[in-house]
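Work through the exercises below with the sequence and coordinates open. Each task is followed by a solution in steps.

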Amino acid sequence: MKIYELGKIRDEEIFARSTAMSDVEDAVSEIIRMVREKGDEALKEYSRKFDHVELSELKVTPEEIGEGVTKAGSDFLAILKEAASNIEAYHRHQVRSDYLVADKPGEILGQRILPLERVGVYVPGGTAAYPSTVLMDVIPARIAGVKEIVMTTPPGKDGKVNPYILAAAQVAGVTTIFKVGGAQAVAALAYGTESVPRVDKIIGPGNAFVAEAKKQVFGQVGIDMIAGPSEVLVIADGNSNPAWVAADLLSQAEHDRNASAVLVTDSKELAEAVRKEIEVQLQKLPREEIARTSIEHNGRIILAHSLEEAVETSNRIAPEHLEVCTDHPFDLLPLIRNAGSVFLGRFDPEPLGDYFAGPNHTLPTGGTARFYSPLGVDDFVKKMQFTYFTEDALKKDYQKVAAFAEKEGLEAHARAVKIRFEDDL
């Protein structure tokens, strides 16, 4: 990992995000078109082409779910249930209530919080299984009151869904599961097929094809966000254990080659020690090639002059995950403005949030933590506002409303209020 010193190098070299971008727009557009035209037939064709599996049925049967739960094992099932309990307890604090405002005579204003009726949850497959994503994306939807939660995930070459994903789906409360992955799954959820029902919103991360498909169907359905490669930024002081810091950085680097791992520290000694420790630990990882590529392309160590400057540097990067490994992490928390999820202290590594602590791990990436929030209950509800005015209440204000309308050149708007009180229109 390269070490950069703030003030002695250009910002673009420090904050650059090197990602292997591929132009998939046209390919995704064609996949969506085919799914809209051919429905289930197209989904099965793409399963043969991309997943190398022949499927007679797309829907996962109760027997398959039961088999998956059994294979997952009772020990892991217990861990899933405890993690689910933590996630549910945290997210229940996010539930909003309806409200009424009746502080003026003859006027009632209000807002209703309504759950979406049906949502689609995309769970990635490929190089790893993500039962944690099932819990994080499904439990807030269930808390919000969503009636139907449809999950899609690519099958293995044996035509079966990963048993740990199936176990998590049962624990979380998924309604229906389909063996469909990639852009074709997003298209099916957005437009519906003979088997897959059309949903109101699509949630969940995926590869470049999935991200592009979500972008293209947005407007037809809602989406949570366009998720990019995973990121972690660690702020660490000179008292930090370099082995721990290196391990935390590599925990994200092993996700994929485009993942980003950044250390910001006010200690040159720690920076050098972490750089050496990264190399030692890389050689021990089963996913060494992936993690090494990530570290070489997107990993960096930034030397700041103070911890306050380290936080300001982090705010400019706006990382998905931010660890604060310092003696007094809560002193820095008020200074942090841009981060998806913050992990405070030396015993709060990012994987704790990935799996077990309770806060959501579906987070804004690519600097979008400047304006996006973690996935939560709010993502599965919509707000509906309403008003009620009596005759006397409208009479008091109608001329002001008409004046607004007339200033905007909208005479019919003005007449709609004036006609109730003026006979000469």
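**Exercise 1. Give the strand order and the pairing direction of the open sheet of five strands, then identify its edge strands.**

Solution. The model is a predicted one.
Step 1: reading across the open sheet, the five strands come in the order β6-β5-β4-β7-β8, and the pairing is parallel.
Step 2: a strand at the edge pairs on one side only, which applies to β6 (176–178) and β8 (222–223).

**Exercise 2. Describe how β7 is joined to β8.**

Solution.
Step 1: β7 covers residues 201–203 and runs parallel to β8, with two bridges joining them.
Step 2: for K201, the bridge partner in β8 is G222.

**Exercise 3. List the domains of the chain and state how far apart the centres of domain 1 and domain 3 are.**

Solution.
Step 1: the domain assignment gives domain 1 as 2–17 + 229–358, domain 2 as 24–223 and domain 3 as 400–424.
Step 2: taken over C-alpha atoms, the centres of domain 1 and domain 3 are separated by 59 Å.

**Exercise 4. Locate the residues to which UniProt assigns the feature "active site", and decide whether E320 is buried or exposed.**

Solution.
Step 1: the UniProt record, an unreviewed entry, places the "active site" feature at E320 and H321. From this set, H321 is part of the lining of the second largest cavity.
Step 2: E320 sits in the loop between α13 (307–317) and β12 (321–325), while H321 is found in strand β12.
Step 3: buried means under 20% relative accessible area. E320 has 7% relative accessibility and therefore counts as buried. H321, at 2%, also counts as buried.

**Exercise 5. Determine which backbone atoms of E231 are reached by the side chains of E320 and H321, and name further contacts of both residues.**

Solution.
Step 1: the E320 side chain reaches the backbone nitrogen of E231 at 2.8 Å.
Step 2: the H321 side chain reaches the backbone oxygen of E231 at 2.6 Å.
Step 3: leaving aside neighbours within four places in sequence, the contacts of E320 include P229, S230, E231, A339, G340 and S341. Also among them are H361, L363, P364 and T365.
Step 4: with that exclusion, the contacts of H321 include S230, E231, V232, L233 and Q252. S341, F343, E350, D354 and L363 are also among the contacts of H321.
Step 5: comparing the two lists, S230, E231, S341 and L363 appear in both.

Notes. Residues numbered from 1 in each chain as written. Predicted model: local features only at pLDDT ≥ 70, side-chain atom pairs only at ≥ 80, totals over all residues. Heavy atoms only, no water. Pairing = 2+ DSSP bridges. Helix = DSSP H or I, 4+ residues; strand = E, 2+ residues; numbered from the N terminus. Domains from an automatic or database assignment. UniProt positions renumbered as here; feature names shortened; annotations may be inferred. 1 Å grid on protein atoms, 1.4 Å probe; cavity = no way out; pocket = protein on both sides within 12 Å on 5 of 7 lines; lining within 4 Å. Buried < 20%, exposed > 50% of the residue type's maximum accessible area, 1.4 Å probe, protein only. Contact = heavy atoms within 4.5 Å. Polar contact = N/O pair within 3.5 Å; in protein donor to acceptor, adjacent residues only side chain to side chain.
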